[in-house]
Amino acid sequence: MDRQEIIVKTFKGLESVLANEMTAMGCQDVQLLSRAVKANATIEDVYRLNVTLRTGLRILAPIFTGRAAHDKELYDQLFYFPWSDYLTPDDTFAIQATVSGTIFTHSHFVSLRTKDAIADSMRRKYGRRPSVDTENPTFLFNIHIHENRFTLSLDSTGYSLDRRGYRLQKTEAPLNEVLAAGIIKLSGWGGNEPFYDPMCGSGTFSIEAAMMAANIAPGLRRSFSFEKWPDFDPELLQSIKDECIANQREDATPILARDLDSRAVSILQANAERAGVEDFISAKREDFFVSKPRHAHGWVFLNPPYDERLSQDSIVTFYQDIGSHLKKSYPDFTAWVLSGHLEAIKYFGLKPLQKFDLL
């Protein structure tokens with residue numbers, strides 16, 4: 001199969017684990033970018049990445065690059081792009097734009113100018129234009145501009161890959177699925193040691209860990225933009241899904257999810273069932289600060305709840321108590337803590353071996 005350049009988007013700090021995933025799946029010439037990874041891949045790789053990636057957000061195939069110093073120059077270049085190689089007037093399309101730098105500062109404006117260039121170009125060629133459909137377009141285009149350089153890409157994914165399809169219910173400020181998977185991969189947890197999620201909320205850490213341990217592909221239950229492309233190969237996609245299902249494991253490692261809020265535990269259980277991992281997760285209501293581990297050693301993943309109403313002193317005390325209980329009751333565990341409280345975490349009482357700046 002022919003290879004083409006692709007760009008896979010992710011969160012800041014997860015580029016290396018995403019690159020490892022892509023390399024393991026057969027991508028070539030893998031290179032780290034800022035919040036993204038570039039590689040060469042076949043169309044089969046594109047299908048497989050969409051179905052199986054845990055730390056990617058969307059997979060883009062660049063189709064046009066250029067330079068533009070102002071909006072008319074951008075419009076002119078996009079107007080003369082051969083849109084008819086991709087679109088017909090009967091198709092629908094949508095534009096996603098991201099901008100950085102000092103020349104183009106409003107993504108919505110860039111999106112509108114790109115839409116105008118497509119519509120005007122197609123109307124000139126055919127006498128009519130394709131319609132915009134922001135919900136379910138035939139083709140989703142992405143335009144990224146940094147200073148005067150732009151890249152136009154075809155988006156193979158559609159709604160981003162963190163939307164696995166299992167989280168129909170959620171607690172306040174739920175943890176993003178890709179971020180949770182990325183943190184677990186950054187930690188080095190291999191899926192064969194006890195996994196504790198003692199402030200589980202809606203269960204993203206637990207469910208992502210269970211899917212890893214059971215080798216369940218995160219994209220099995222959703223659709224993708226490439227399924228609307230004219231050259232879409234449904235048999236190829238089904239063969240990839242069948243292979244993923246055949247490689248699933250039934251002897252997953254213990255995953256213990258706990259929360260003080262019984263409603264959160266119920267939500268986790270419903271989400272785990274939709275993800276197909278309910279048999280791999282032990283979930284129950286429990287106060288972390290009186291908890292005792294069932295194993296002599298293992299891993300603890302903590303995403304402490306965030307409450308803007310708490311005073312700074314209360315937050316500091318909360319983090320001090322977390323650190324103290326980990327030290328007292330989980331002495332032989334490896335703990336990973338996700339926190340946006342940069343001041344409070346200084347009072348955690350445990351010296352970190354590693355720190356990562358994410359998002």
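1. Start with what packs over helix H8: the cover on its buried residues includes H6, S10 and S11. Those buried residues are Ala264, Val265, Ile267, Leu268, Ala270, Asn271, Ala272 and Ala275. Keep in mind as you look around that this is a predicted model.

2. H8 itself covers residues 262-275, 14 residues in all. From first C-alpha to last it reaches 20 Å, close to the 20 Å expected at 1.5 Å a residue. Have a look at both ends, too. At the start of the helix, a side-chain oxygen of Asp261 comes to within 2.9 Å of the backbone nitrogen of Arg263. After the helix comes Gly276, with a positive phi near 80°.

3. Now for the sheet. It is open, has five strands with parallel pairing, and its order reads S11-S10-S9-S12-S13. The edges belong to S11 (281-285) and S13 (333-337); each has a single partner strand, so one side of each is left without a neighbour in the sheet. Going from one strand to the next, the twist averages 20°.

4. Strand S10 (residues 255-259) deserves a stop of its own. How many of its five residues are buried? Five of the five, so S10 is largely enclosed by the rest of the structure. Ile255, Ala257 and Asp259 point one way from the strand, while Leu256 and Arg258 point the other way, and all are buried.

5. What does S10 pair with? On the S11 side, five bridges join the two strands, which run parallel. Arg258 stands opposite Lys284 in S11, and the bridge partner of Asp259 there is Arg285. S10 also pairs with S9 in the parallel sense, over three bridges, with Phe195 standing opposite Ile255 of S10. To trace the connection, follow the chain from S10 through H8 to S11: this β-α-β crossover is right-handed.

6. Two other helices are worth finding against the sheet. H6 (residues 204-213) lies across S9, S10, S11 and S12, and runs at about 160° to S9. H5 (residues 177-187) lies across S9 (195-197), S12 (298-302) and S13, running at about 145° to S12. If you come back to H8 after this, you'll meet H6 again, since it is among the elements covering the buried residues of that helix.

Notes: Residues are numbered from 1 along each chain as its sequence is written. This is a predicted model: local features need pLDDT of at least 70, side-chain atom pairs count only at pLDDT 80 or more; totals for chains, interfaces and linings use all residues. Side-chain values use heavy atoms; hydrogens and water are left out. Two strands pair if DSSP finds at least two bridges between them. Helices (H or I, at least four residues) and strands (E, at least two) are DSSP runs, numbered from the N terminus. Axes are lines fitted to C-alpha atoms, for helices over the stretch in contact, and angles run from 0 to 180 degrees between N-to-C directions. Contact means heavy atoms within 4.5 Å. The expected span of a helix is 1.5 Å times one less than its number of residues. Buried means under 20% relative accessible area, exposed over 50%, partly exposed in between (1.4 Å probe, protein chains only). A polar contact is a pair of N or O atoms within 3.5 Å; within protein, one must be able to donate a hydrogen and the other to accept it, and residues adjacent in sequence count only if both atoms are side-chain atoms. A crossover is right-handed if, with the strands pointing away from the viewer, the path from the first strand over the helix to the second runs clockwise.
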